[in-house]
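Me: I'd like to go through this model with you, a bit at a time. Can we start with the rings and then move on to the sheet?

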Amino acid sequence: MLTYFELINDILDQATAGSGTLRLRSEPFDPRREASLLLEPFSIQARRKGLDFKLDMDLPSGVVLLGDPLRYRQILANLVSNAVKYTRQGQVRVALQCRELDGKCTLRGSVEDTGSGIAPESLEDIWKPFAMATGRFVDGSSSHGLGLSIVRGILEAAGGTISVSSELGKGSTFIFELPFDKFDGEKRTEASTSATPEISAEAPATATHVGIRALVADDDQISRMVITRMIREWGAHVEEAVDGDDAVRRYRTGKFDLVLLDEHMPGLSGRECATEIRALERTEGKSPAFLILTSAGALTPGTDPADTADLDAVLTKPLDKKALLGLLEAKLAVAP
């Protein structure tokens, strides 16, 4: 059984996927046990926030399915993580049931929360990487990150489906169905589908940036970890900040060559952070850092140039490895 943080690493591998095929393993697993172990940390997290966390499993006792348990865990982890994140009061409820027919089982899962909800016009956009959904910003949070796009990709590749219903200010319900064979005692080999990009990490870039000190500021955990992992692959030392105020605090007491700032963060925005950082450089004699704003979309047309005067570059999420590497080599004068 993977720990939660090992699971996150597998999700990060998906974020750097290249072309190819999504490989689905075929091995026996117990869906009840997998769900119980995986969701325990989320249950603790929810209760620390004062939320009720309910897990209802209407699964046949002792049922063993044949499929990819990692993908099953990734689906649950992403959906439940979002539910807990965007719910301030009330409850998060996870329900799992299995419909059996002719030696097969269709696993139906629902993740329901009483959180901030999603505006109707944003419901389709939430499946896009780093999409911003109206309604889920009421708590100051950033974009959805990669999770929902990954979930839908896995389900479609495995012949499953997912849908969402939501009411702004009242919560959301995600429902997925995933078909499995029941385990008949014979372990089978992994299958693949050519319709979906491969879920495996891209080989690290050949350039080395040993000695570069970088600060990555992003309130979305998965987004932050993706960028951090990308830079560490090139040999840089990286610190992480969870929001704009944290970024400024770390910059004040540390020394950084490179700072990547998410545009939308609680407290100080990415551009406001850049202004604070430039002020610190002037007043405290710090060597200027290379400041990059990371944005879930292009900057609004007509943006005042003065608003980006403190920035050295703007990159759109999801970040392109080659674009980021090119900036580092050109601006930080580090040879490959």
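What follows is a short chat about aromatic pairs, a charge over a ring, and one sheet with its helices.

Reply: Before we start, this is a predicted model, where local features need pLDDT of at least 70, side-chain atom pairs count only at pLDDT 80 or more, and totals for chains, interfaces and linings use all residues. Residues are numbered from 1 along each chain as its sequence is written, and side-chain values use heavy atoms, with hydrogens and water left out.

Me: How many aromatic pairs does a search of the whole structure find?

Reply: Rings of Phe, Tyr and Trp (its six-membered ring) pair if their centres lie within 6.5 Å; planes under 30 degrees apart count as stacked, over 60 as edge-to-face and the rest as tilted. Searching the whole structure that way, the number of aromatic pairs is four.

Me: What kind of pair do F29 and Y72 form?

Reply: Their centres are 5.4 Å apart and the planes make 40°, so the pair is tilted. Helices (H or I, at least four residues) and strands (E, at least two) are DSSP runs, numbered from the N terminus. On that numbering, F29 sits in strand 2 (residues 27–29) and Y72 in helix 3 (residues 69–85), 43 residues apart. The kind of pair, again, is tilted.

Me: Is F29 buried or exposed?

Reply: Buried means under 20% relative accessible area, exposed over 50%, partly exposed in between (1.4 Å probe, protein chains only). F29 comes out at 4%, so F29 is buried.

Me: Which residues form one aromatic cluster with F29?

Reply: F29 also makes an edge-to-face pair with F180, at 5.4 Å centre to centre and 75° between the planes. F180 is in strand 8 (residues 171–182), 151 residues from F29. The cluster partners of F29 are Y72 and F180.

Me: Which residue lies over the face of Y251?

Reply: A charge sits over a ring if NZ of Lys or CZ of Arg is within 6 Å of the ring centre and within 35 degrees of the ring normal. Here the distance to the ring centre is 5.5 Å, and the residue is K286.

Me: Which strands stand at the edges of the open sheet?

Reply: Two strands pair if DSSP finds at least two bridges between them. The five strands run in the order 11-10-12-13-14, with parallel pairing. Each edge strand has a single partner, so one side is left without a neighbour in the sheet: they are strand 11 (237–241) and strand 14 (313–316).

Me: What is the bridge partner of L258?

Reply: Strand 12 (residues 258–262) and strand 13 (residues 290–295) pair in the parallel sense over five bridges. In strand 13, the partner of L258 is F290.
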